[in-house]
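Work through the exercises below with the sequence and the 3D view at hand. Try each task before reading its solution.

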Amino acid sequence: MNPLSQKPPVAPAIPLLVGMIAISFAPILVRYSDAPVSVQGMWRMLFTLALMLPFAGGERLRAMRAIKPSDWWLLLGAGFFLALHFLLWMASLSYTSIASSTLILSLEPVFVMIGAYFLFKDRLARKALAGLGAALIGIAIVGAGDSGLSGDALTGDLLSLLGTIAVAVNMLLAKRILERVPSFLYSLVVFAVTAVCFFLYNVATGADMTGYPPREWLVFAGLAIVPTVLGHLIFNWLLRYVKPATISMSVLAEPVGASILGLFLFGEAIGVWQLAGGACVIAGLTLYMRSEAEAYDRPAERNAQE
């Protein structure tokens, strides 16, 4: 039976659109805060956990007892790399433009594909490889353009790239864990580990974790509610009803939506290099997503024929 044959309570296009708009606000909210990014990340996770806990229920929390020790190590690793992703990517926004940072972040599925090839021996279709090449060329174009602007812009691009690799590692670990752990429980544990990682980092660096004005607390709460709950958690829920490739396509919405918001809210003009590189990235990722969709459809088609 096709797992996507069940009917969702609402048309998938509605929550998908909400999620795509929500994730576009992540870099905007980060820019509005004057707090260290490690503090923003910690409170983002803590507020998200506070919103999730009322829905955890005793049964879901008791399911934690069934998690094997080996899976606990994977969960710890996933939480660590998620914290590393937030730390690096959010820091990149202090150096480079919103457009460049989010374009590089959209390479996440490409790095996941590369990691899956080496770790899980997943085959790479020619169309997917062509998409990979086009996306990497696009990022090289963006980097070349930013290097002509300032050294800081190139530093920001590098931080965003490293942050994207970190979240790709997080996704590869999630792929292994979610075979045995429910998605809600996975998110709850990983977000808690991420919050602890940020807390320890803030203690080690001496960052002030409290005493911020009301405006900052609104930003922290906004980061939890908008891009996390209305964005990523909605996407996790949608995986029950739509193809993974459909969800993956949402990564294309963030650089487009965030760049438009950055233009209107911060006056960040989108340069020729960013437009050219962005076109290559989006074209490459679209080619890759189509390859993923075709690969996903083949088993369902074979089952239907049988």
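**Exercise 1.** Determine how many disulfides the cut-off rule gives in this predicted model.

Solution. Step 1: a disulfide needs a pair of cysteine sulfur atoms within 2.5 Å. Step 2: applying this rule gives a count of zero disulfides.

**Exercise 2.** Classify C197 and C280 as buried, partly exposed or exposed.

Solution. Step 1: buried means under 20% relative accessible area, exposed means over 50%, and partly exposed lies in between. Step 2: C197 has a relative accessible area of 24%, so C197 is partly exposed. Step 3: C280 has 26%, so C280 is partly exposed.

**Exercise 3.** Describe the secondary structure of the protein.

Solution. Step 1: count the elements, which gives 14 helices and zero strands. Step 2: read along the sequence; the pattern is α-α-α-α-α-α-α-α-α-α-α-α-α-α.

**Exercise 4.** Which residues touch the most other members of the largest nonpolar core, and which helices supply at least two residues each?

Solution. Step 1: the core has 49 residues, and V39, L75, M90 and Y186 touch the most other members. Step 2: the helices that each supply at least two residues include α3 (37-52), α5 (69-92) and α10 (183-205). Step 3: a second, separate core has 15 residues, among them L103, V142, A168 and V281.

**Exercise 5.** List the contacts of V39 beyond its neighbours within four places in sequence.

Solution. Step 1: set those neighbours aside. Step 2: what remains is N202, A207, D208, M209, Y212 and F220. Step 3: for the whole protein, among contacts between residues at least 6 apart in sequence, 89% join residues at least 24 apart.

Technical notes
Residues are numbered from 1 along each chain as its sequence is written. This is a predicted model: local features need pLDDT of at least 70, side-chain atom pairs count only at pLDDT 80 or more; totals for chains, interfaces and linings use all residues. Side-chain values use heavy atoms; hydrogens and water are left out. A nonpolar core is a set of buried Ala, Val, Leu, Ile, Met, Phe, Trp, Tyr and Cys residues joined through side-chain atoms within 4.5 Å. Buried means under 20% relative accessible area, exposed over 50%, partly exposed in between (1.4 Å probe, protein chains only). Helices (H or I, at least four residues) and strands (E, at least two) are DSSP runs, numbered from the N terminus. Contact means heavy atoms within 4.5 Å.
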